[in-house]
Amino acid sequence: MSETIDIESEYVTRVEGHGNIVVNVADGEVETCEWQVVESPRFFESMLVGRDWTEAHHVTARICAICSISHTTASLKATEAAMGVDLSAQDERLRKLALYAETLQSHVLHLGYLALPDLVGKQSVLPILDSHEAEVEAVVRLHRLGNDLTEAIAGRSVHAQRHLPGGFSKLPDEDELDALRTRLESAWSDVELVADLLVELSDELPDFERETEFISLTHPDEYAFYDGTLYSSDTGELDVEDYREIVDEVVVEQSTAKFTSHARESYMVGALARLNNNFEQLGPMAKAVADRFGLEPGSHNPYLNNVAQLVEIAHLIETSIVELDTLLDGGLDPQPDYHTPDVEVEAGTGIGAVEVPRGVLFHEYTYDEDGEITDANCVIPTNQNHANIQQDMEELVPTILDRPEDEIELTLEMLVRAYDPCISCSTHYLDVEFVDE
Amino acid sequence: MSTVVIALGNPLRGDDGIGNVLLDRLRERGLPADVEFRDLGDGGFDVLHALADADRAVIVDAVRFGGEPGECAVFEPDDVAAVVESRGSHDSDLFELLDLAAAREEAPERVVIFGVQPGGMRAGERLSDPVETALPDLTDALVEVVEGL
């Protein structure tokens with residue numbers, strides 16, 4: 001019933017997690033229906049203990065190469081909260097832009113590289129290049145745009161070099177930002193190309209709804225990514241300080257990753273959760289994209305997380321242009337290179353909560369008076385979605401048992417992929433096992 | 001004609017960070033100005049963009065090829081299909097990205113992988129002893145590969 005992994009047989013090394021879907025049907029009755037996560041423990045929280053306040057964000061960036069800026073941002077916010085460090089308005093805008101840019105590239109990667117092959121009935125993006133070359137090139141261009149904007153601010157696209165507690169070691173080049181603004185403006189045609197294709201293929205997204213709770217950050221002034229308070233579609237506003245009780249992590253037998261629940265047996269985080277909770281704050285272009293798919297707040301079809309990501313791609317481009325205009329209007333306040341922000345090291349505990357591509361991310365650190373971490377806790381979005389995937393499967397599987405086995409398999413794989421877990425989970429490591437006794 | 005040297009791997013997982021370490025050493029070797037160095041961590045789609053800008057590419061990573069720890073193997077993507085029956089479970093999907101890069105117009109003329117057999121990849125920043133010991137020889141070998149492209 002479980003996958004056997006033999007990484008010794010592999011040629012190039014890389015270490016990531018994987019997941020199994022196990023469905024056991026006997027005499028037409030579902031006996032087992034499990035989303036199993038069998039990731040190796042990675043001990044990042046333990047690695048943080050004893051680390052200096054200047055190092056934590058560099059260590060945690062390594063949790064994920066797709067959303068390393070996300071971890072960097074949550075980590076810095078936790079450190080800054082613990083030590084009472086304020087960020088300038090300019091630095092906050094730059095932080096937001098780097099986060100938006102990373103989210104843009106992550107969403108494009110998921111939609112174009114992982115989800116699209118399912119919708120066109122292919123195993124990977126490679127064969128799509130023959131039939132949809134313009135769309136694949138648009139995906140590559142959009143992804144690169146996100147990466148280049150991240151690199152302009154963070155110094156490189158993965159594992160930021162310039163982000164520091166209290167600010168940045170180096171400011172981006174204004175001409176480079178201006179050129180990126182022009183590229184963002186001209187990215188609409190690429191968004192349209194991808195949207196046209198997704199509209200054409202939208203009938204391939206399974207028509208499955210299961211009412212669930214959506215949790216995300218919310219902010220009075222903007223569609224929340226960088227900051228905000230927690231919001232549940234079931235219970236309303238929640239205090240970030242209470243995040244441990246809210247996520248209520250539990251160990252389950254089928255998974256080495258903890259499952260979470262709040263007001264119901266499970267909840268969902270990510271693009272669809274944000275869209276449902278904060279729809280009115282999306283930009284006009286993003287709302288226009290949502291309208292093309294009839295996507296409105298209160299959507300309970302998890303497969304539409306793919307569409308919500310496309311809507312957010314439009315929003316991220318719109319909002320990045322606005323942020324760049326504000327930054328470039330009048331020029332950046334100068335600072336010398338190799339700048340080190342003033343931080344008064346003090347003991348304390350701080351939480352950093354950030355909306356990242358796959359949902360709300362929490363980092364919490366406790367520092368001693370020397371600025372060394374004594375305790376660390378990280379709650380990752382993908383973990384918060386595991387229980388919801390499980391609940392979806394339990395409701396979905398009995399309704400599709402009459403379909404051919406390979407169709408059931410694809411429908412369940414697409415469900416997992418819709419949540420956009422890590423690449424290894426959603427591509428080759430995802431095995432479906434049937435035991436039809 | 002430009003060359004990009006791409007390091008892949010996680011420096012917090014022992015020898016998986018060998019690409020990163022070799023990249024730092026390579027930077028000190030006075031290679032021509034058209035050689036670019038990119039530390040891409042776990043790589044992913046970034047590899048595609050890095051390849052699109054270059055005429056030649058060397059990818060440096062920890063690779064299990066059955067050698068002794070610290071030993072290196074230099075090969076091209078097509079060699080891998082000939083050696084390994086299934087390359088599908090490799091989660092970073094480097095080879096699919098290389099196939100995709102090759103299918104696009106912006107493909108480099110030549111892509112070479114410089115693999116180092118790891119001795120251990122447990123959590124931590126230290127390289128294993130055999131890989132640490134081999135660093136000078138590995139750096140020399142990598143310089144030769146980059147200059148010989």
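How exposed or buried is R264(A)? R264(A) comes out as partly exposed, with a relative accessible area of 31%. Keep in mind that this is a predicted model. The briefing below walks through its charged side chains, one buried histidine and a helix residue with a long reach in sequence.

**Salt bridges within a chain**

- Over all chains, the count comes to 34 salt bridges.
- One of them ties R264(A) to E211(A), with the closest N and O atoms 3.4 Å apart.
- That pair links distant parts of the chain, with the two positions 53 residues apart in numbering.
- R264(A) sits in the loop between α9 (243–247) and β8 (267–268) of chain A, while E211(A) sits in the loop between α8 (188–201) and β5 (213–218) of chain A.
- E211(A) counts as exposed, at 53% relative accessibility, whereas R264(A) is partly exposed at 31%.
- Over in chain B, the side chains of R126(B) and D129(B) meet in a salt bridge of 3.2 Å, N to O.
- Both R126(B) and D129(B) are exposed.

**Salt bridges and chain B partners**

- Salt bridges that share partners pull R144(A), D148(A), R183(A) and D53(B) into one network.
- E137(A) and R104(B) also meet through their side chains, in a salt bridge of 2.6 Å, N to O.
- E137(A) lies in helix α6 of chain A and R104(B) in the loop between α4 (94–103) and β5 (110–116) of chain B, so this pair joins two chains.
- E137(A) is buried, with a relative accessible area of 18%, and R104(B) is buried too, at 9% relative accessibility.
- As general background, side chains of opposite charge can pair when their charged atoms come close.

**A buried glutamate with no salt bridge**

- E135(A) is found in helix α6 (residues 133–154) of chain A.
- E135(A) is buried yet has no salt bridge.
- What is the nearest side chain of opposite charge to E135(A)? It's R141(A), and that one is 9.1 Å away.
- A salt bridge here needs the nitrogen within 4 Å of a carboxyl oxygen, so R141(A), at 9.1 Å, doesn't make the cut for E135(A).
- Setting aside residues up to four places away in sequence, E135(A) touches L193(A) and L197(A).

**H143(A) and its contacts**

- H143(A) is another resident of helix α6 of chain A.
- Its relative accessible area is just 1%, so H143(A) counts as buried.
- Which residues is H143(A) in contact with, leaving aside its neighbours within four places in sequence? In chain A they are Q105(A), V108(A) and L109(A), and in chain B they are F45(B), D46(B) and H49(B).

**Negative charge on the surface**

- D173(A), E174(A), D175(A), E176(A) and D178(A) gather in a patch of negative charge on the surface.
- Within that patch, E174(A) belongs to helix α7 (residues 174–185) of chain A.
- E174(A) is partly exposed, with a relative accessible area of 32%; patch members need over 30%, so E174(A) qualifies on that score.

**E394(A) and helix α13**

- E394(A) has its place in helix α13 (residues 381–396) of chain A.
- With a relative accessible area of 40%, E394(A) is partly exposed.
- E394(A) and A98(A) are 296 residues apart in sequence, and 38 Å apart in space, C-alpha to C-alpha.

Note on methods: Residues numbered from 1 in each chain as written. Chains lettered and ligands numbered in written order. Predicted model: local features only at pLDDT ≥ 70, side-chain atom pairs only at ≥ 80, totals over all residues. Heavy atoms only, no water. Helix = DSSP H or I, 4+ residues; strand = E, 2+ residues; numbered from the N terminus. Buried < 20%, exposed > 50% of the residue type's maximum accessible area, 1.4 Å probe, protein only. Lys, Arg positive; Asp, Glu negative; His and termini not counted. Contact = heavy atoms within 4.5 Å. Patch = residues over 30% accessible without salt bridge, like charges linked within 9 Å, V, L, I, M, F, W, Y side chains within 5 Å. Areas by Shrake-Rupley, 256 points an atom, 1.4 Å probe, with all protein chains shown as cover. Charge placed at Lys NZ, Arg CZ, Asp CG, Glu CD.
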